[in-house]
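Open your viewer, load the model and keep the selection box handy. We will go stop by stop, with something to select at each one.

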Amino acid sequence: MSLLLGTHRPGTTWLHRLPAGAKLLGLVLLGLVVVLVRGPVSAVVALVVAVGLGAYAGLTAREGLRTLRGLLLVAVLLGGFQVWNNGWARAVESVGDLLALVVLATVLTLTTPVDEVLDALVRALRPLRRLGVDPDRVALTISLALRAIPTTVAIAEETRDAALARGLERSPRARLVPLVVRVVSHARATGDALHARGVGDD
């Protein structure tokens with residue numbers, strides 16, 4: 001697996017021992033700081049802090065680079081767009097903020113079982129029931145999204161390996177068509193399973 005976002009790895013660091021609710025709150029606060037504090041320097045500092053937390057939590061440099069590899073195209077497009085419209089400073093800020101947020105989210109899921117994160121989220125959202133928010137449904141949506149990320153990456157890797165085995169490594173069609181078909185099939189199977197359990201019928 002090349003993507004660690006959504007994957008839990010047991011450990012003994014204080015980040016692993018910290019309650020899920022505290023880590024979730026910390027992620028929200030750090031995310032707000034990253035978004036609200038403007039400038040390329042703050043973005044670089046945020047990325048350094050995020051990488052430092054990842055290293056402390058057991059994330060190696062190789063794993064971190066492999067995790068961010070999936071964002072490379074997005075980062076390049078975003079950076080190029082910002083350079084073209086707003087200059088290098090804004091490009092560094094945007095790309096740095098994006099990578100810092102992804103690394104921080106990876107640290108959260110790396111040090112915390114997904115079930116504990118979802119339980120903390122349900123408890124945090126419970127007061128919002130009177131406003132029409134369904135905490136269980138929100139948690140289910142986030143759970144499906146977290147589990148879909150590594151599944152989609154695994155399907156992409158299997159599709160790539162199959163194309164390489166057939167000597168079609170340069171054929172976008174040999175990679176994209178099976179990938180799209182399998183991802184859609186997986187999504188439909190997930191939807192059918194939820195429907196069979198009565199989820200979403202109300």
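Which backbone nitrogen lies 3.5 Å from a polar atom of the side chain of His-16? Select His-16 and look around its side chain: the nitrogen belongs to the backbone of Gly-11. Keep in mind throughout the tour that this is a predicted model.

**Stop 1: around His-16**

Stay on His-16, which sits in helix H1. A second backbone atom is worth labelling here, the oxygen of Arg-9, which lies 3.0 Å from a polar atom of the His-16 side chain. Now show the contacts of His-16, leaving out residues up to four places away in sequence: you should find Arg-9, Pro-10, Gly-11, Lys-23, Ala-57, Leu-110 and Thr-111. Is His-16 buried or exposed? Its relative accessible area is 14%, so His-16 counts as buried.

**Stop 2: the aromatic pair**

Next, select Trp-14 and Tyr-56. The structure holds 1 aromatic pair, and these two residues form it: their ring centres are 6.1 Å apart and their planes meet at 40 degrees, so the pair is classed as tilted. Colour by helix and you will see that the pair links distant parts of the chain, with Trp-14 in helix H1 (residues 14-17) and Tyr-56 in helix H3 (residues 40-56), 42 residues apart. Turn on the surface for both partners. Trp-14 has 41% relative accessibility and is therefore partly exposed; Tyr-56, at 40%, is partly exposed too.

**Stop 3: a nonpolar patch**

Keep the surface on and select Leu-25, Val-28, Leu-29, Leu-32, Val-33, Val-35, Leu-36, Val-37 and Leu-101. These residues make a nonpolar surface patch of about 790 Å². Which helix gives the largest share of the patch? Helix H2 (residues 20-36) does, with 7 residues. Then pick out Leu-101, a patch member that is found in helix H6 (residues 88-111). Its relative accessibility is 30%, so Leu-101 counts as partly exposed.

**Stop 4: salt bridges**

Switch back to sticks for the charged side chains. How many salt bridges does a search of the whole structure find? The search finds 4, and we will visit some of them.

Begin with Glu-93 and Arg-38, whose side chains meet at 2.8 Å, N to O. Glu-93 is in helix H6 and Arg-38 is in the loop between H2 and H3, so this bridge ties together parts 55 residues apart in sequence. The partners have contrasting surroundings: Glu-93 is buried at 8% relative accessibility, while Arg-38 is exposed at 52%.

Move on to Arg-182 and Glu-158, a salt bridge with an N to O distance of 2.7 Å. Arg-182 belongs to helix H9 (residues 172-196) and Glu-158 to helix H8 (residues 135-165), so the bridge ties together parts 24 residues apart in sequence. Arg-182 is partly exposed, with a relative accessible area of 37%, and Glu-158 is partly exposed at 42%.

Finally, select Asp-136 and Arg-129, where the salt bridge has an N to O distance of 3.6 Å. Asp-136 is partly exposed at 45% relative accessibility, and Arg-129 is partly exposed at 42%.

**Stop 5: Arg-173**

Return to helix H9 and select Arg-173, which has its place there. With 68% relative accessibility, Arg-173 counts as exposed. Add Ala-163 to the selection and draw a distance between the two C-alpha atoms: the separation is 9.6 Å, for residues 10 apart along the chain.

**Stop 6: zoom out**

Clear the selection and show the whole chain as a cartoon. The chain has 9 helices and 0 strands, and its pattern along the sequence reads α-α-α-α-α-α-α-α-α. Along the principal axes, the C-alpha trace spans about 50 × 50 × 40 Å.

Now colour by burial: of the 202 residues, 31% are buried. A contact map is a good companion here. Among contacts between residues at least 6 apart in sequence, 74% join residues at least 24 apart. For a last view, bring up the full surface, where the chain exposes about 12500 Å² and carbon and sulfur atoms supply 67% of that area.

Methods. Residues are numbered from 1 along each chain as its sequence is written. This is a predicted model: local features need pLDDT of at least 70, side-chain atom pairs count only at pLDDT 80 or more; totals for chains, interfaces and linings use all residues. Side-chain values use heavy atoms; hydrogens and water are left out. Patches are made of residues with over 30% relative accessible area and no salt bridge: like charges are joined within 9 Å, nonpolar side chains (Val, Leu, Ile, Met, Phe, Trp, Tyr) within 5 Å. Accessible areas come from the Shrake-Rupley method with a 1.4 Å probe; for residues, only the protein chains shown count as cover. Helices (H or I, at least four residues) and strands (E, at least two) are DSSP runs, numbered from the N terminus. Buried means under 20% relative accessible area, exposed over 50%, partly exposed in between (1.4 Å probe, protein chains only). Rings of Phe, Tyr and Trp (its six-membered ring) pair if their centres lie within 6.5 Å; planes under 30 degrees apart count as stacked, over 60 as edge-to-face and the rest as tilted. A polar contact is a pair of N or O atoms within 3.5 Å; within protein, one must be able to donate a hydrogen and the other to accept it, and residues adjacent in sequence count only if both atoms are side-chain atoms. Contact means heavy atoms within 4.5 Å.
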